[in-house]
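User: I'd like a close look at the cysteines in this one, please. Tell me which of them pair up, where the pairs sit, and then what else is worth seeing around them.

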Amino acid sequence: MRFTLLTVLALVAVLTSTVSAARPKWHELDGYTFDRYVSDFKKPYAPHSKEYAQRKELFDAKLAQVRAHNADASKPWRAGVNHMSDYTREELTHMNGGRLRENWNVRKQLRSKPYVKKHQVAVNSIPLPRQVDYRLSIPSILSAIKDQGMCGSCWAHGSTETVESYAAMATGDLFALSQQQVTACAPNPNDCGGTGGCGGSIIELAWDYLIQAGGIAQEWTYPYTAYAGTTGTCAPSITPVVSLTGYTAVTSNQQHDVVDALARAGPLAINVDASNWGMYESGVFTGCDYSKNITIDHVVQLVGYGTDSDSGLDYWIVRNSWSPAWGEHGFIRLLKTSQPECGWDVQPQQGTGCNGGPAQLWTCGMCGILFDTLYPTIKV
């Protein structure tokens, strides 16, 4: 199903207002209609148009899925409607620009260093906290939730957000940094995680670029223009406000190391399978199924862990880049278990990837959350 560029541009003008939309909660959806949805989320479709009919069909099907999911009271998470409830599968897939294909020859050239657990050092033997939530940090180390729009720039958002956090921890100043600079400027010669820009890439290449470029500018000096899905061109010069000296890769699929790094170092940039996240509204998400395989396709930021007081389930706290109108004000909680489930990512080549990588990758944790986690080192 195809939609015109005019429609996409119209969506750009209105979707930024969905942050303040009167989004109905999951228990308020009885009798909810597409007309009400169009009004609530300020959709631009002309009544009785072909696109109106097409979007209505998509929305009605999604609403039926939402109601069916919520009818099962045993589910620890609730589905709802949001600004993406009338998107096509292609539109949703295009937003996930963190497709990852491992290539050891390429990886050897990247600037990451291995993670060493600090609790193994005698001078730092303080036990790990039972819960961590960087949303509550004072002063704040997380900027406002962002919206990548129709561009597959999650890799630029997740990497930029994590640089913001580490710069804030290092200096005490929380800058909103330019995800557009990373989207438009970071090269991707080996097609890692996509073709670059809105076509997708990986965290490591974002940070390699920032190291080489001398740093990243503030968002207000280099604003985000890729919302409608066009990468844009790299500016000839920037004024960096934060610089990197390197970054650390946490041991892949090792939950103890990820918890240790999250608690002791700070928020982490991570890769996940977000293909079933679209209708998430609240609760502890359990919707990734290893029996049906996992597809790592999205970059986000891991900002904590804890235990749900109602269900007693442990969870990870993940920051997304789909606007505050999605999920728990832009966040999702993923199930965290003492013995993480593992399985194969059987589509690492989806959307292309680093040339010459293997056909499948071993991943662990809900939605593959433990597979590839990193954090930057800030130049102070």
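Analyst:
**The disulfides and their surroundings**

The structure holds four disulfides. Keep in mind that this is a predicted model. Let's go through three of the links, then a cysteine without a partner.

Take C151 and C198 to begin with: their sulfur atoms sit 2.0 Å apart, and they form a disulfide. The torsion about that S-S bond is about -105°, so the link between C151 and C198 is left-handed. It joins distant parts of the chain, with C151 in the loop between β3 (132-133) and α6 (154-171) and C198 in the loop between α7 (179-185) and α8 (203-213), 47 residues apart. Are these two cysteines buried or exposed? C151 has a relative accessible area of 0%, so it is buried, and C198 counts as buried too, at 4%.

Next come C185 and C234, also a disulfide, with 2.0 Å between the sulfur atoms. This link is right-handed, with 100° about the S-S bond. C185 belongs to helix α7 while C234 is in the loop between α8 and β4 (243-249), so the bond ties together parts 49 residues apart in sequence. C185 is buried at 12% relative accessible area, whereas C234 is partly exposed at 37%.

Then there's the pair C342 and C364, whose sulfur atoms are 1.9 Å apart in a disulfide. With a torsion of about 105° around the S-S bond, this disulfide is right-handed. Here the bond runs between two strands: C342 is in β10 (residues 342-345) and C364 in β11 (residues 361-364), so parts 22 residues apart in sequence are tied together. C342 is partly exposed, with a relative accessible area of 28%, but C364 is buried at 4%.

And the cysteine without a partner? C154 is in no disulfide, and the nearest cysteine sulfur, which belongs to C151, is 8.9 Å away. Disulfides are called only for sulfurs within 2.5 Å, so that distance rules the pair out. C154 is buried, with 0% relative accessible area.

Beyond the cysteines, there are eleven salt bridges to look at. One of them pairs the side chains of K43 and D86 at 3.1 Å, N to O. K43 lies in the loop between α2 (34-40) and α3 (50-70), and D86 in the loop between β1 (77-79) and α4 (89-95), so this pair ties together parts that are 43 residues apart in sequence. Both K43 and D86 are buried.

A salt bridge within a single helix joins E51 and R55, at 3.4 Å from N to O: both are in α3, four residues apart, about one turn of the helix. E51 and R55 are buried as well, and together with E91 they are linked in a network of salt bridges. Further along, E328 and R333 form a salt bridge at 3.0 Å, N to O. E328 is buried at 18% relative accessibility, and R333 is buried at 12%.

Helix α3 turns up again at the largest pocket, which has a volume of about 860 Å³. Its lining takes in 35 residues, with K62, R89, S275, N276 and W277 nearest the centre. The elements giving two or more residues to that lining are α3 and α4, and α3 supplies the largest share, five residues. Sorted by class, the lining has 13 nonpolar, 15 polar and seven charged residues.

How values were computed:
Residues numbered from 1 in each chain as written. Predicted model: local features only at pLDDT ≥ 70, side-chain atom pairs only at ≥ 80, totals over all residues. Heavy atoms only, no water. Salt bridge = Lys/Arg side-chain N within 4 Å of Asp/Glu carboxyl O. Buried < 20%, exposed > 50% of the residue type's maximum accessible area, 1.4 Å probe, protein only. 1 Å grid on protein atoms, 1.4 Å probe; cavity = no way out; pocket = protein on both sides within 12 Å on 5 of 7 lines; lining within 4 Å. Points joined across faces, edges and corners; volume = space filled by probe spheres on them. Nonpolar A, V, L, I, M, F, W, Y, C, P; charged D, E, K, R; others polar.
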